Amino acid sequence: KHPNYFGEILFHCGISCMGISGTPMQVFACIFPTFFMAFTLQNAARRSDREADHKYKRIDGYAEWSATTPVLLPGLRGAAPPTEGAA
């Protein structure tokens, strides 16, 4: 649902890798923003999903699409929700 957020997190991970060879303070200064951005983007994805769930709740197939589409990692499929009457 949000592959752009995943790309942003990967970008910040790459920036963090550039500071790994520095002093402990430089390492912290490069790594901390990555965790902060990951936390911020994960929360933004959750908020966006809640808004979409409310906005598109009447659209046929949206609930199934939302349940089976990964939040951040493109290409990974979630477990499909059980269908009624399935044994």
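User: How are the axes of helix H1 and helix H2 oriented where they come within 8 Å: roughly parallel or roughly antiparallel?

Analyst: In this predicted model, the axes of helix H1, residues 3-18, and helix H2, residues 24-55, come within 8 Å and cross at roughly 175 degrees. Angles over 145 degrees count as roughly antiparallel. The two helices, H1 and H2, are therefore roughly antiparallel to each other.

User: Which class of residue, nonpolar, polar or charged, has eleven members in the contact of H1 with H2?

Analyst: On the H1 side the contact includes Tyr5, Ile9 and Cys13, while H2 contributes residues among them Ile31, Met37 and Leu41. Sorted by class, the residues of this contact include one that is charged and three that are polar, and the eleven are nonpolar.

User: What kind of aromatic pair do Phe28 and Phe32 form?

Analyst: Because Phe28 and Phe32 are four residues apart in helix H2, about one helical turn separates them. Phe32 is partly exposed, with a relative accessible area of 47%. The ring centres of Phe28 and Phe32 lie 5.5 Å apart, with 25 degrees between the planes, and the pair is stacked.

User: Is Tyr62, which pairs with Tyr56, buried or exposed?

Analyst: Tyr56 and Tyr62 form a tilted aromatic pair, at 5.7 Å centre to centre and with 45 degrees between the planes. Tyr56 is partly exposed, at a relative accessible area of 35%. For Tyr62 the relative accessibility is 12%, and buried means under 20%, so Tyr62 counts as buried.

User: Which residue forms one aromatic cluster with Tyr56 and Tyr62?

Analyst: The structure holds three aromatic pairs, one of them formed by Tyr56 and Tyr62. These two tyrosines belong to one aromatic cluster, and the residue that forms it with them is Trp65.

Notes:
Residues are numbered from 1 along each chain as its sequence is written. This is a predicted model: local features need pLDDT of at least 70, side-chain atom pairs count only at pLDDT 80 or more; totals for chains, interfaces and linings use all residues. Side-chain values use heavy atoms; hydrogens and water are left out. Axes are lines fitted to C-alpha atoms, for helices over the stretch in contact, and angles run from 0 to 180 degrees between N-to-C directions. Angles under 35 degrees count as roughly parallel, over 145 as roughly antiparallel, 65 to 115 as roughly perpendicular and the rest as oblique. Contact means heavy atoms within 4.5 Å. Ala, Val, Leu, Ile, Met, Phe, Trp, Tyr, Cys and Pro count as nonpolar, Asp, Glu, Lys and Arg as charged, and the others, Gly among them, as polar. Rings of Phe, Tyr and Trp (its six-membered ring) pair if their centres lie within 6.5 Å; planes under 30 degrees apart count as stacked, over 60 as edge-to-face and the rest as tilted. Buried means under 20% relative accessible area, exposed over 50%, partly exposed in between (1.4 Å probe, protein chains only).
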